Amino acid sequence: MTYVEKTFTENMGGGCMVDFLILSDGRCVGIDSDSIVLYESYEQARDGVGFLKMIDLWEGEKKC
């Protein structure tokens with residue numbers, strides 16, 4: 001793949017499963033049943049901080 005280096009699923013606690021895409025530029029996309037979130041890095045995604053953009057599948061787009 002050109003833009004995606006790695007994909008995996010992780011249990012973030014409380015039964016919340018998140019699919020992650022690690023992009024070739026180091027950014028990370030997290031996808032769960034409620035949202036799609038772009039983070040600066042996987043570390044920020046894991047900690048739940050520093051998102052660049054979020055699409056809430058029920059309410060629409062949000063920015064940090």
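## A pocket, a core and an aromatic cluster

In this predicted model, β2, β3 (28-31) and β4 (35-39) each supply at least two residues of the lining of the largest pocket. That makes the pocket a handy place to start looking around. The biggest contributor is β4, which gives three residues to the lining. The space inside comes to about 170 Å³.

Who lines it? Among the residues around the largest pocket are Val-18, Phe-20, Ile-31, Val-37, Tyr-39 and Ala-45. Met-12, Cys-16, Gly-30, Asp-32, Ser-35 and Gly-48 belong to the lining too. Sorted by character, the lining has eight nonpolar residues, three polar ones and one charged.

### How the strands line up

Now for the strands themselves. The table sets out the three strand pairs.

| Strand pair | Direction | Bridges |
|---|---|---|
| β1 and β2 | antiparallel | seven bridges |
| β2 and β3 | antiparallel | four bridges |
| β3 and β4 | antiparallel | four bridges |

You can pick out single partners along the way. Between β1 and β2, look for Glu-10, which sits opposite Val-18 in β2. A little further on, Asp-19 has Ile-31 in β3 as its bridge partner. Val-29, in turn, is matched with Leu-38 in β4.

The turns are worth a glance as well. The hairpin of β1 and β2 has five residues between its strands, and Gly-13 in that turn has a positive phi of about 105°. In the hairpin of β2 and β3, four residues lie between the strands, and Gly-26 takes a positive phi near 95°. The hairpin formed by β3 and β4 has three residues between them.

### The nonpolar core

Some of the pocket residues turn up again in the core. The largest nonpolar core has nine residues in all: Val-18, Phe-20, Ile-22, Cys-28, Val-37, Tyr-39, Tyr-42, Ala-45 and Met-54. β2, β4 and α1 each put in at least two residues, and β2 gives the most to this core, with three residues. As a general backdrop, nonpolar side chains in soluble globular proteins tend to be buried together.

### Rings that meet

How many aromatic pairs does the structure hold? There are three of them. Take Phe-8 and Phe-20: their ring centres are 5.5 Å apart and their planes stand at 35°, so this pair is tilted. Phe-8 belongs to strand β1 (residues 4-11) and Phe-20 to strand β2 (residues 17-23), so the pair ties together parts that are twelve residues apart in sequence.

Are these two rings buried or exposed? Phe-8 is partly exposed, with a relative accessible area of 23%. Phe-20, at 2% relative accessibility, counts as buried, because the cut-off for buried is under 20%.

Phe-20 has another partner, too. The rings of Phe-20 and Tyr-42 have centres 5.4 Å apart and planes at 90°, so that pair is edge-to-face. Here the link is between distant parts of the chain: Phe-20 is in strand β2 and Tyr-42 is in helix α1 (residues 42-47), 22 residues apart. Tyr-42 is buried, just like Phe-20.

Put the pieces together and Phe-8, Phe-20 and Tyr-42 form one aromatic cluster. Phe-20 is a good residue to keep your eye on while you turn the model: Phe-20 helps line the largest pocket, belongs to the largest nonpolar core and takes part in the aromatic cluster.

Methods: Residues are numbered from 1 along each chain as its sequence is written. This is a predicted model: local features need pLDDT of at least 70, side-chain atom pairs count only at pLDDT 80 or more; totals for chains, interfaces and linings use all residues. Side-chain values use heavy atoms; hydrogens and water are left out. Rings of Phe, Tyr and Trp (its six-membered ring) pair if their centres lie within 6.5 Å; planes under 30 degrees apart count as stacked, over 60 as edge-to-face and the rest as tilted. Buried means under 20% relative accessible area, exposed over 50%, partly exposed in between (1.4 Å probe, protein chains only). On a 1 Å grid over the protein atoms alone, a cavity is a set of points where a 1.4 Å probe fits but cannot get out, and a pocket is an open set with protein on both sides within 12 Å along at least five of seven lines; lining residues have an atom within 4 Å of a point. Grid points are joined across faces, edges and corners, and a volume is the space filled by probe spheres set on the points. Ala, Val, Leu, Ile, Met, Phe, Trp, Tyr, Cys and Pro count as nonpolar, Asp, Glu, Lys and Arg as charged, and the others, Gly among them, as polar. A nonpolar core is a set of buried Ala, Val, Leu, Ile, Met, Phe, Trp, Tyr and Cys residues joined through side-chain atoms within 4.5 Å. Two strands pair if DSSP finds at least two bridges between them.
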